[in-house]
Structure formats: structure tokens, C-alpha cells
Amino acid sequence: MLNISKKTILLADSDMSYMRKMKEELEKNIAIEVVGMADNGEEALEKLETKKPDIVLMDILLGEKDGFWLLGELNKREINSVRIILSFIGTDGAVKRAMNLGAFYYMEKPIEFNIVTERVMQIFALSQEIEPKILQKRNELENIISKLLNSMSITASIKGYHFIREGVIMVIENEGAIFSVTKGLYPDIAKKYNTTAGKVERAIRHAVETAWKRSGKKVYCEMAGYDSQVKPTNSQFIATMSEYIRVRQP
């Protein structure tokens, strides 16, 4: 008997009847196993944390804690399931927001169940090919940011070095992150490094102060495109580095 490695999927949709039909259709493909269903965002997050499925097929409409909230939580908790959206909401704004939060593909309802199954298999295969390219790009960004930080006398021995580098990458990947530094960026960095948002803020501030007293002021002004006599805030520093690197990326 053939030993087939199945792709595990978690379904998240406010319509339980719809999910049952979707589960039945998906599992007609012997390479797919639906490992859970949830009709709200909080339940979906709990099951995603325990099941760690290959794919989450989810709607945006999931109650008060909706699909956008769920995508954000998956980012914070580093749950790497491939995220596929299937929703009646198909506006450009919703699609763009979902993609910025890490959705890999967006499908608009109504759509035939058999087509969903076909797309899910295609998307998962494509995501496996793209993942190494994403890791390569991240490594390239880390190298670029590290060189810039070193040129500003912010070295790896300074605690804020790693926090700044992570923050810059987050903002490059999601421009909106810079508008929620205190409630978003700091806590996200803190979670990755097993510390607190307050310590992240202080460490970055110390690193910027160190840079400003040494060679950092000149390099920062070159990145910003103007001569500043005032030490930048943490968010200004990260935003300037992010934009400087972004416009130079192919």
C-alpha cells in the first residue's frame, strides 16, 4: 500500500455548514486531511497553535476577532501555515491588507468546491518553491542592514543592534508597521527575542544615541537626504533606514 504524505488543512469560516461541505470535498483528494474547523478567530488561533497545519483556508468574516486579526496573530506567534483566504469580501483594500499581513492567496466567494481543492494543491506547491527565495531575501536584507548599522557605530555588541535590524525588516515587509510602533512593532520584536516591549524601546533608543554621538549622524543624514541637527526618534530612525533600503531593492 502506498504511503502518501497528506497535506493538513485547518478551515476557519463563520458558516459551519459551508465548512462541512468544504471538508467533504477537500478530503476527496487522498493527499488532503482536514485536521480542524473553527467558526471564529479565537478558536481558529487555538487550533492553529496546537495542530500546526500545512495550510489554513480561512474567511475574513470570523466574528469580532476577524481574519485580519487572525493573520496578525499568526505573524506574532510565528505560525507558518500557508494562509489562503476564501471570502465574499473582495475589495482591493481587503485583498491588499490581507496580503500585507501574510496571506499567500486570495479567492473570492462564490467558487466551486472542486476548484478550491485544485487551487489549494497548486498554491501549496508554489509556496514550497517560494519559501527558500523568501529566506534568501531576508538574509540579503540582514546583511545590508548590518553593514549600515556598523557604519553608524552600532555593532552587534550593542543590544539594540538586533532589535533595530528586526524592526527595519518588519517595516520593509509591511510599511504599515511603522504606524504602530508601541503597540505593534516593539511587542513583536520582544516576543521574538523573549524580552519586553519596554526593553526593546530602551535598547533601540540607546543604540540611536550611541550612533548620534559617533559616526552615525553623518550616515543617517545621508540616508534621510537632509542635514538634521536633532537626534531622530526610534520610529524615525527605523522608518528612514527602511525607506532607504526599500528604494534601492530591485
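# A tour that starts at Phe163

Select phenylalanine 163 to begin: with a relative accessible area of 6%, this residue is buried. Keep in mind as you click around that the model is predicted.

**Its ring partner**

Now add tyrosine 193 to the selection. The ring centres of phenylalanine 163 and tyrosine 193 sit 5.4 Å apart with the planes at 70 degrees, so this pair is edge-to-face. Along the chain the two are 30 residues apart: phenylalanine 163 belongs to helix H6, while tyrosine 193 is in the loop between H7 and helix H8 (197-213). Buried or partly exposed: what is tyrosine 193? At a relative accessible area of 31%, tyrosine 193 is partly exposed, whereas phenylalanine 163 is buried.

If you like hunting for rings, the whole structure holds four aromatic pairs. Try Trp212, Tyr220 and Phe237 next, which ring pairs join into a cluster. Hang on to Phe237, as it comes back below.

**H6 against H7**

Colour residues 160-173 for helix H6 and 181-192 for helix H7; their axes come within 10 Å and cross at roughly 125 degrees. That angle makes H6 oblique to H7, and the crossing is right-handed.

Which residues of H6 meet H7? Show side chains for Phe163, Glu166, Gly167, Met170 and Val171 on the H6 side. Facing them in H7 are Leu185, Asp188, Ile189 and Lys192. Sorted by class, this contact has five nonpolar, one polar and three charged residues. So the starting residue, Phe163, takes part in the H7 contact as well as in the ring pair with tyrosine 193.

As a reminder of why several of these positions are three or four places apart, an α-helix has 3.6 residues a turn, so residues at that spacing point the same way.

**H6 against H10**

Keep H6 coloured and add helix H10, residues 234-246. Here the axes are 9 Å apart and the packing angle is about 55 degrees. H6 and H10 are therefore oblique to each other, and their crossing is right-handed.

From H6, pick Ile164, Gly167, Val168, Val171 and Ile172. They meet Phe237, Ile238, Met241, Ser242, Ile245 and Arg246 in H10. By class, that gives eight nonpolar, two polar and one charged. Gly167 and Val171 are in the H10 contact and also in the H7 contact. Phe237, part of the ring cluster with Trp212 and Tyr220, is in the H10 set too.

**Over to Met223**

Next stop: methionine 223, in helix H9 (residues 216-224). Methionine 223 counts as buried, at 9% relative accessibility. What surrounds methionine 223, once neighbours within four places in sequence are set aside? Its contacts are Leu148, Met152, Thr240, Met241 and Tyr244. Measure from methionine 223 to threonine 240, C-alpha to C-alpha, and you should get 6.8 Å for a pair 17 residues apart along the chain. Met241 links this stop to the previous one, being in contact with methionine 223 and with H6.

**Backbone oddities**

Switch to a backbone view. Start with the peptide bond from lysine 109 to proline 110, which is cis with omega near -5 degrees. Proline 110 sits in the loop between strand S5 (105-108) and helix H5 (113-151).

Then look at two non-glycine residues with positive phi. Glutamate 78 has phi near 55 degrees and lies in the loop between helix H3 (67-76) and strand S4 (82-87). Serine 153 has phi of about 65 degrees and lies in the loop between H5 and H6. Which of the buried and partly exposed labels goes with each? Glutamate 78 is partly exposed at 49% relative accessible area, while serine 153 is buried at 18%.

**H3 from the inside**

From glutamate 78, step back to H3. How many of its 10 residues are buried? Seven are, making H3 mostly covered. The ones to select are Gly67, Phe68, Leu70, Leu71, Gly72, Glu73 and Leu74. These buried residues pack against helix H2 (41-51), strand S3 (55-58), S4 and helix H4 (92-100).

**Zooming out**

Finally, show the full chain. There are 10 helices and five strands, and the C-alpha atoms fill a box of roughly 65 × 40 × 35 Å along the principal axes. Of the 250 residues, 44% count as buried. Among contacts between residues at least 6 apart in sequence, 62% join residues at least 24 apart.

Terms used:
Residues are numbered from 1 along each chain as its sequence is written. This is a predicted model: local features need pLDDT of at least 70, side-chain atom pairs count only at pLDDT 80 or more; totals for chains, interfaces and linings use all residues. Side-chain values use heavy atoms; hydrogens and water are left out. Axes are lines fitted to C-alpha atoms, for helices over the stretch in contact, and angles run from 0 to 180 degrees between N-to-C directions. Helices (H or I, at least four residues) and strands (E, at least two) are DSSP runs, numbered from the N terminus. Angles under 35 degrees count as roughly parallel, over 145 as roughly antiparallel, 65 to 115 as roughly perpendicular and the rest as oblique. A crossing is left-handed if the near helix is turned anticlockwise from the far one by less than a right angle, and right-handed if clockwise. Contact means heavy atoms within 4.5 Å. Ala, Val, Leu, Ile, Met, Phe, Trp, Tyr, Cys and Pro count as nonpolar, Asp, Glu, Lys and Arg as charged, and the others, Gly among them, as polar. Buried means under 20% relative accessible area, exposed over 50%, partly exposed in between (1.4 Å probe, protein chains only). Rings of Phe, Tyr and Trp (its six-membered ring) pair if their centres lie within 6.5 Å; planes under 30 degrees apart count as stacked, over 60 as edge-to-face and the rest as tilted.
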